[in-house]
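Trainee: I'd like to work through this model with you, one question at a time. Can we agree on a basic term before we begin?

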Amino acid sequence: MIPLASLFGRPPPAVGQTPSDVVFAENKWRLLRYRARPEGTAWATPVLLVPSLINRHYVLDLLPGKSFVEWFVARGHDVFCIDWGTPGDEDRYLTFDDVCDRYLGRALERTRRIAGAPKAHVLGYCLGGTLAAIHASVHPERFASLTALAAPIGFHDSGLLSAWTRSKGFDVQAVVAATGNVPWQLMQSAFHLLRPTLTLSKAVHMADKLWADEFMNGFLALETWGSDNVSFPGACYQRYVDELYRNDALVAGTFTLSGKPARLEAITCPTLAVTFQHDNIVPPESAAVLLERIGAEDKHRIHLPGGHVGAVVSKKAAQGLWPAIAKFWADRD
């Protein structure tokens, strides 16, 4: 897809500007630790952000003033984030267990060890929330809390993406055999099916606001992120589709992680589920089912207007969603 910025001859703004250090790296993924404010951190429990496996992590650090990371660092949180990197051809055999158990487990261990804390607050966004919930169901002792931000848990929902992925015409084994790593172009095309006229409507909307620099910077930053996609390791993708989308195994209680049962009722840490009314990628019912199935008594839901991305990285989010998450963590520090 051609970035909309190029159609108007305007360079996209720089993204992911909050200073950070790589504190661990393995294969293609890295663990980032954002640099604390000069006076240090104010909270005992670190925060680990788990972004989607198929999108770049910097959506949570989009621009100054529209950065989830910047906002929390400025309020004294010790923030870590996984950058999944870009899989190479040799990663086609990377399994779901490799990513969700071993990689995520090592990220959590390093976060806790570096911060000197027994547990971490874990926030998973979209597919990252699915990974975090599965990991928490097998390793609940590592979690001070779980925040599932627009995270699919139940995959037999009313959404078009669920219907397409479960259709008989979609031969996931053939796709993986032919491509190795599933190309990001294929997955992005699936998202475009959800709103076929979105690119045109965005271009029209942008043309109306070319004079508004603040709006344009935010708009083009999101376009930069939206056009910077990642292919999906083949073996991991095949299990993701076969077991989660087609068998709804997480809700059914039949999913396993490295041979261990991954049952949602084993999640006993404080849990927050965030859903969005107009989310066409993760329908609210797909994300909210988490709270119906877990064993935690301390569980809460935030349901807001807006879509899958805009409601997370907007100025409105900085006034409502982010403070609500901050309070959830502060009350359980």
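Mentor: Sure: contact, or touching, means heavy atoms within 4.5 Å. Keep in mind that this is a predicted model, where local features need pLDDT of at least 70 and side-chain atom pairs count only at pLDDT 80 or more, while totals for chains, interfaces and linings use all residues. Residues are numbered from 1 along each chain as its sequence is written, and side-chain values use heavy atoms, with hydrogens and water left out.

Trainee: Which residues does Val-312 touch, not counting those up to four places away in sequence?

Mentor: Start with its place, helix H13 (residues 310-313); helices (H or I, at least four residues) and strands (E, at least two) are DSSP runs numbered from the N terminus. With a relative accessible area of 0%, Val-312 is buried (under 20%; exposed is over 50%, partly exposed in between, with a 1.4 Å probe and protein chains only). Its contacts are Leu-60, Tyr-125, Leu-149, Phe-276, Ala-317, Leu-321 and Trp-322.

Trainee: And how far apart in space are Val-312 and Leu-149, C-alpha to C-alpha?

Mentor: Leu-149 is one of the residues that Val-312 touches. The pair is separated by 163 residues in sequence, yet the C-alpha to C-alpha distance is 8.7 Å.

Trainee: Which residues touch the most other members in the largest nonpolar core?

Mentor: A nonpolar core is a set of buried Ala, Val, Leu, Ile, Met, Phe, Trp, Tyr and Cys residues joined through side-chain atoms within 4.5 Å. The largest one here has 61 residues, and those touching the most other members are Phe-96 and Tyr-240.

Trainee: How many residues are in the second, separate core?

Mentor: Finish with Tyr-240: beyond its neighbours within four places in sequence, it contacts Phe-96, Leu-127, Phe-155, Phe-232 and Tyr-245. The second core is separate and includes Ala-221, Trp-225, Leu-272 and Ile-325; its residues number 40.

Trainee: What about the open sheet: which are its edge strands?

Mentor: Strands pair if DSSP finds at least two bridges between them. Here eight strands with mixed pairing run in the order E1-E2-E4-E3-E5-E6-E9-E10. The ones that pair on one side only are strand E1 (20-26) and strand E10 (299-304).

Trainee: Which residue stands opposite Phe-24?

Mentor: Look at E1 and strand E2 (residues 29-34), which are antiparallel partners over six bridges. Across from Phe-24, in E2, is Leu-31.

Trainee: Is Thr-111 buried or exposed?

Mentor: Thr-111 sits in helix H3. Outside the four places on either side in sequence, it touches Leu-31, Pro-46, Leu-48, Phe-80 and Ala-120. Its relative accessibility is 0%, so Thr-111 counts as buried.

Trainee: At what angle do the axes of H3 and helix H10 (residues 234-246) cross?

Mentor: Axes are lines fitted to C-alpha atoms, for helices over the stretch in contact, with angles from 0 to 180 degrees between N-to-C directions. Phe-96, Asp-97 and Val-99 of H3 meet Cys-236, Arg-239, Tyr-240 and Leu-244 of H10. The axes come within 7 Å and cross at roughly 90 degrees.

Trainee: How are H3 and helix H4 (residues 127-138) oriented, parallel or perpendicular?

Mentor: Under 35 degrees counts as roughly parallel, over 145 as roughly antiparallel, 65 to 115 as roughly perpendicular, and the rest as oblique. H3 and H4 pack at about 80 degrees, with axes 10 Å apart. Therefore H3 and H4 are roughly perpendicular.
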